[in-house]
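Reader: Hi! I have a fresh structure open and would love to talk it through with you. Could you pull it up on your side too?

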Amino acid sequence: MCVQQIVMIVLCLVIGVVLRWSGKLPDNAAKVLSGWVINVALPAAALESMHGLETRPDWWFAAATPWIGVVVSVLVMVPLCRALGWSRGRAGALILVAGWGNTSFVGLPMIAAFAGSQWLGLGIVIDLFGSYLALSTLGLAIAAVASEGRLDLKAVGKRIVTFPPFIAILIAFATNHMARPEWLDQLVTALAGTLTPLALAAVGYALRLDQVASRLAPLGVGLVYRLGVAPLLLIGLYTLLGQTSDMVAKVAMLEMAMPPMLGASVIAMDNDLEPDLIASLIGIGVPLSMLTAWGWWTVISAL
């Protein structure tokens, strides 16, 4: 991962923390920043990534692997949280932030660094049709159940079809190979570029380092699943399928080793699912993943 990406992560998190300490922004600043990310930056990122993208038939199972990771996280986190006596909100927070990996901002540079830039197209497919599509559908349902305690199919369905990133994915898919004027490309790129700094600033604003000690158990559960259990499970699945030597499989396994997803964390915070815990998972998980992803790639490349 390039130095610029590392500096961006640290700087934006610090900016968010400093803004909170300064008292120059209102208490709901994290929600305002999250609102921009959900309604503007995420849709723009989908429109930018999908345009002109060429796909291959053997990529679609890899694109389904984030869905597998999320389903397994539900099967693991729900009974575990019940056994530990944790709240429904905490369970939802852990599923959203530990179940989804950061397959874009962190994942794509990791692919370029370890597997080679020729595999970035596959990374984008995994990100859009795996992570983002799952977040725009299943993720919204999980957030609704965790925050409201029930699943209202009609209400969730309405949230999904009106969710800006979901709409953007449909538009991007429908207009994939249509020519766009240069000014529109530049506009979409500029808006998409706000995703990472604003999402990380929102996380930094919500980060309470003084409360990390009181949340060591859920932090440990979330990070161990996201950075350890999830990639190990996918490696096991590809081993059973006898495909571990395939580069498509290797890229999918690397993407599963990514830290918590910024978009999922923003949705969790927007639904008031333990924002302090979520911010800590991102603040610790993203820098830590730079070491763990290297370790996983050492294992994956040797398969």
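Reader: Let's start with charges: how far apart are the mean positions of the positive and negative charges of the protein chain?
Author: They are 8 Å apart, for 16 positive and 16 negative charges. Keep in mind that this is a predicted model.

Reader: Thanks! How many helices and strands does the protein chain have?
Author: There are 14 helices and 0 strands. The radius of gyration is 18 Å, close to the 19 Å that the globule rule gives for 303 residues, so the chain is as compact as a globular protein of that length.

Reader: And what does the C-alpha trace span along its principal axes?
Author: About 45 × 45 × 45 Å.

Reader: What share of the residues is buried?
Author: Buried residues make up 52% of the 303 in the protein chain. As for the surface, the chain exposes about 12900 Å², and carbon and sulfur atoms supply 69% of that.

Reader: Now contacts. Of those with a separation of 6 or more, what share comes from residues 24 or more positions apart?
Author: Such residues account for 86% of those contacts.

Reader: Let's zoom in on helix 12. How many of its residues are buried?
Author: Helix 12 covers residues 247-256, and 9 of its 10 residues are buried, so the helix is largely enclosed by the rest of the structure. Among the buried ones are Lys250 and Glu255, along with Val248, Met253 and Leu254.

Reader: Nice, and what covers those buried residues?
Author: The cover includes helix 3 (60-83), helix 5 (107-114), helix 6 (120-148), helix 11 (216-241) and helix 14 (275-302).

Reader: What happens at the start of helix 12?
Author: A side-chain oxygen of Asp246 reaches to within 3.3 Å of the backbone nitrogen of Val248 there.

Reader: You mentioned helix 6. Ser131 is in that helix, so is Ser131 buried or exposed, given the cut-off of under 20% for buried and over 50% for exposed?
Author: Ser131 has a relative accessible area of 1%, so it counts as buried. Leaving out residues up to four places away in sequence, Ser131 touches Pro66, Trp100, Gly101, Thr103, Ile126 and Met261.

Reader: How far is Ser131 from Thr196?
Author: Their C-alpha atoms are separated by 16 Å, and the two residues are 65 apart along the chain.

Reader: Switching to Arg90: where does that residue lie?
Author: Arg90 is in helix 4, which runs over residues 88-99. With 16% relative accessibility, Arg90 counts as buried.

Reader: Which side chain does the side chain of Arg90 make a polar contact with?
Author: The partner is the side chain of Glu274, at 2.8 Å. Setting aside neighbours within four places in sequence, Arg90 is in contact with Arg215, Pro218, Glu274 and Leu277.

Reader: And where is Glu274 found?
Author: Glu274 is in the loop between helix 13 and helix 14. Its phi is positive, about 45°, although Glu274 is not a glycine.

Reader: Why would anyone remark on a positive phi?
Author: Most residues other than glycine have a negative phi. Asp272 also has a positive value, near 55°, and Asp272 is found in the loop between helix 13 (262-270) and helix 14.

Reader: Is Asp272 buried or exposed?
Author: Asp272 is exposed, with a relative accessible area of 52%.

Reader: Back to helix 4 for a moment: what does Gly89 touch?
Author: Gly89 lies in helix 4 and touches Ala146 and Leu273, not counting residues up to four places away in sequence. Gly89 is buried, at a relative accessible area of 16%. From Gly89 to Ala62, the C-alpha atoms are 30 Å apart in space, with the two positions 27 residues apart in sequence numbering.

Reader: One last residue: where is the place of Lys154?
Author: Lys154 is in helix 7, residues 153-161. Its relative accessible area is 74%, so Lys154 is exposed.

Reader: And how far are the C-alpha atoms of Lys154 and Ile267 from each other?
Author: They are separated by 19 Å, and the residues are 113 apart along the chain.

Reader: Great, thanks for the tour!

Notes. Residues are numbered from 1 along each chain as its sequence is written. This is a predicted model: local features need pLDDT of at least 70, side-chain atom pairs count only at pLDDT 80 or more; totals for chains, interfaces and linings use all residues. Side-chain values use heavy atoms; hydrogens and water are left out. Helices (H or I, at least four residues) and strands (E, at least two) are DSSP runs, numbered from the N terminus. The radius of gyration is taken over C-alpha atoms; the globule rule is 2.2 Å times the number of residues to the power 0.38. Buried means under 20% relative accessible area, exposed over 50%, partly exposed in between (1.4 Å probe, protein chains only). Contact means heavy atoms within 4.5 Å. Accessible areas come from the Shrake-Rupley method with a 1.4 Å probe; for residues, only the protein chains shown count as cover. Lys and Arg count as positive and Asp and Glu as negative; His and the chain ends are not counted. The place of a charge is taken as NZ of Lys, CZ of Arg, CG of Asp or CD of Glu. A polar contact is a pair of N or O atoms within 3.5 Å; within protein, one must be able to donate a hydrogen and the other to accept it, and residues adjacent in sequence count only if both atoms are side-chain atoms.
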